[in-house]
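Here's a friendly walk through a protein that may be new to you. Have a look at the sequence and the 3D view, then read on.

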Amino acid sequence: MSLSFELRPNPRPRGDAEREAILSDPGFGLHFTDHMAVAIWTAADGWHDSAIVPYGPFTLDPATAVLHYAQAVFEGLKAYGHADGTVWSFRADQNAARMVRSAQRLALPVLKPDDFLASIDALVAADAAWVPSAGHGTEREQSLYLRPFMFASEAFLGVRPAKRVTYCCIASPAGPYFASGVRPVKIWISTTYTRASPGGTGAAKCGGNYAASLIAQQEATDHGCDQVMFADAAEHRWIEELGGMNIYGVTTDLELITPELTGSILEGVTRDSILALAKEFGLTPVERRIGVDELLEGIESGLVSEIFACGTAAVVTPIGELRTATGSYVVAGGETGETTAALRKSLLDIQYGRATDTHGWLRRIL
């Protein structure tokens with residue numbers, strides 16, 4: 001049976017003036033809307049108690065399992081306001097499917113994709129006034145960021161899958177992920193830390209993966225970089241991904257190269273979309289193992305002409321420089337490459353309804 005997310009209105013929503021002030025400059029992940037979607041799962045009764053409720057804190061017992069064993073997964077996607085006043089999601093079915101895979105890997109109950117989508121639709125409908133519109137400047141890449149997640153909410157101490165789980169989806173009006181706007185970023189290649197290992201949780205979108213990346217991110221910051229790039233755990237010689245984004249390279253022979261999915265790399269929705277767009281720009285998409293040395297030598301020789309990162313939050317972000325413990329490697333003169341810019345514009349034009357969606361990626365919410 002499908003879940004029904006009935007609205008229980010917030011008795012004290014933010015006023016129009018406060019909401020408009022936030023929408024004028026939302027930043028990223030700083031402000032949240034008036035409601036959230038929730039549902040409870042128990043081993044005895046399955047999924048139940050689903051609703052759209054006022055946004056607010058959870059009350060957790062100190063023994064709540066997620067606080068001790070990190071049994072939790074999440075997703076990230078956006079709702080886009082189009083110029084005609086309609087609101088759309090982008091490939092939300094792929095986020096729903098990935099959450100199923102993540103939940104299975106973390107021994108959490110599966111939320112059916114239809115229920116995942118229903119929770120998003122109901123939340124966006126309840127908080128439609130929070131969706132940045134063309135009037136707020138979609139040219140500045142504003143959208144309503146959606147964060148569905150589920151966690152082990154049973155109170156007990158013991159290493160086993162929880163018998164009570166809470167699902168929630170919150171929403172946050174958002175501007176660009178990088179506050180400085182679209183500019184080439186500097187990336188530190190870490191040989192000290194790894195993000196994921198064979199047989200681990202690298203392909204799942206779970207909090208533990210990100211927690212493990214934070215010390216490497218700090219290492220990157222200490223070396224004057226914006227993000228960290230991880231190599232594989234076994235040999236430390238194959239590129240995998242950044243702390244929160246996939247990576248691509250453009251070669252002078254018009255190949256669009258990206259590390260192949262090995263089970264330790266997150267299967268990004270934006271990553272997959274760029275693979276599909278590649279041929280429209282005369283590029284041959286290639287998924288394969290890419291060596292760290294190969295990439296650096298390619299930059300030095302000029303064979304690798306552009307590098308960029310991609311993800312839901314950051315969209316497509318040019319990489320202008322790679323740094324290692326032994327040197328610095330400047331890409332494309334440290335500027336945004338033409339192919340990177342073109343792919344970025346194409347993706348955004350589809351998401352914001354400025355170009356025809358020939359792939360069937362958009363799904364109307366309102």
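## A patch on the surface

Phe58 is partly exposed, with a relative accessible area of 37%. Keep in mind as you look around that this is a predicted model. You'll find Phe58 in the loop between β3 (46–54) and α2 (65–69). Phe58 joins Leu60 and Leu67 in a nonpolar patch on the surface, and together the three have about 270 Å² of accessible area.

## Two nonpolar cores

Now for the inside. The largest nonpolar core has 37 residues, and the ones that touch the most other members are Trp47, Phe116, Val124, Leu146, Met150 and Tyr167. Plenty of elements chip in: β2, β3, β5 (77–81), α3 (92–105), α4 (113–126), β7 (143–152) and β8 (164–174) each supply at least two residues of this core. Which element gives the most to it? That would be α4, with 6 residues.

Trp47 is a good place to zoom in. Leaving aside residues up to four places away in sequence, Trp47 touches Leu3, Ala39, Ile40, Trp41, Pro109, Val110, Leu111, Met150, Val165 and Tyr167. Apart from this core lies another one, of 24 residues, with Ile189, Val292, Ile299 and Ala309 among them.

## Helix α7 and its two sides

Two residues of that other core, Val292 and Ile299, bring us to helix α7, which covers residues 292–301. The buried residues of α7 are Val292, Leu295, Leu296, Gly298 and Ile299. Why do they line one face of the helix? Seen down the axis of α7, the buried residues fall within an arc of 155 degrees, so they sit along one face. Over on the other side, Asp293, Glu297, Glu300 and Ser301 are exposed.

So what covers the buried residues of α7? The cover includes a number of strands: β9 (185–190), β10 (227–231), β11 (239–242), β15 (304–311), β16 (315–323) and β17 (328–330). Just after the helix, Gly302 takes a positive phi of about 95 degrees.

## Helix α6, mostly under cover

Helix α6 runs over residues 269–277, and 7 of its 9 residues are buried, which leaves this helix mostly covered. The buried residues are Val269, Thr270, Arg271, Ser273, Ile274, Leu275 and Leu277.

## Salt bridges

The model has 18 salt bridges by the rule used here. Take Arg14 as a starting point. Arg14 forms a salt bridge with Glu18, where the closest N and O atoms are 3.8 Å apart. Arg14 counts as partly exposed, at 25% relative accessibility, and Glu18 is also partly exposed, at 41%.

Arg14 has a salt bridge with Asp34 as well, this time with the closest N and O atoms 3.3 Å apart. That pair links distant parts of the chain: Asp34 is in the loop between α1 and β2 (35–42), while Arg14 is in the loop between β1 (6–7) and α1, 20 residues apart. Is Asp34 buried or exposed? At 6% relative accessibility, Asp34 counts as buried.

Elsewhere, the side chains of Arg288 and Glu294 meet in a salt bridge, at 2.6 Å from N to O. Arg288 is partly exposed, with a relative accessible area of 27%, and Glu294 is partly exposed too, at 34% relative accessibility. As for Arg14, Glu18 and Asp34, salt bridges that share partners join them into one network.

## Two buried residues to look up

Arg19 lies in helix α1 (residues 16–24). Why does Arg19 count as buried? Its relative accessibility is 11%, and buried means under 20%. Leaving aside residues up to four places away in sequence, Arg19 touches Arg14, Ala129 and Trp130. Arg14 is the residue we met in the salt bridges with Glu18 and Asp34.

Ser89 is found in strand β6 (residues 87–90). Ser89 is buried as well, with a relative accessible area of 1%. What does Ser89 touch, not counting residues up to four places away in sequence? The list is Lys78, Trp361, Leu362, Arg363 and Ile365.

Methods: Residues are numbered from 1 along each chain as its sequence is written. This is a predicted model: local features need pLDDT of at least 70, side-chain atom pairs count only at pLDDT 80 or more; totals for chains, interfaces and linings use all residues. Side-chain values use heavy atoms; hydrogens and water are left out. Buried means under 20% relative accessible area, exposed over 50%, partly exposed in between (1.4 Å probe, protein chains only). Helices (H or I, at least four residues) and strands (E, at least two) are DSSP runs, numbered from the N terminus. The arc is that of the directions from the helix axis to the C-beta atoms. Contact means heavy atoms within 4.5 Å. Patches are made of residues with over 30% relative accessible area and no salt bridge: like charges are joined within 9 Å, nonpolar side chains (Val, Leu, Ile, Met, Phe, Trp, Tyr) within 5 Å. Accessible areas come from the Shrake-Rupley method with a 1.4 Å probe; for residues, only the protein chains shown count as cover. A salt bridge is a side-chain nitrogen of Lys or Arg within 4 Å of a carboxyl oxygen of Asp or Glu. A nonpolar core is a set of buried Ala, Val, Leu, Ile, Met, Phe, Trp, Tyr and Cys residues joined through side-chain atoms within 4.5 Å.
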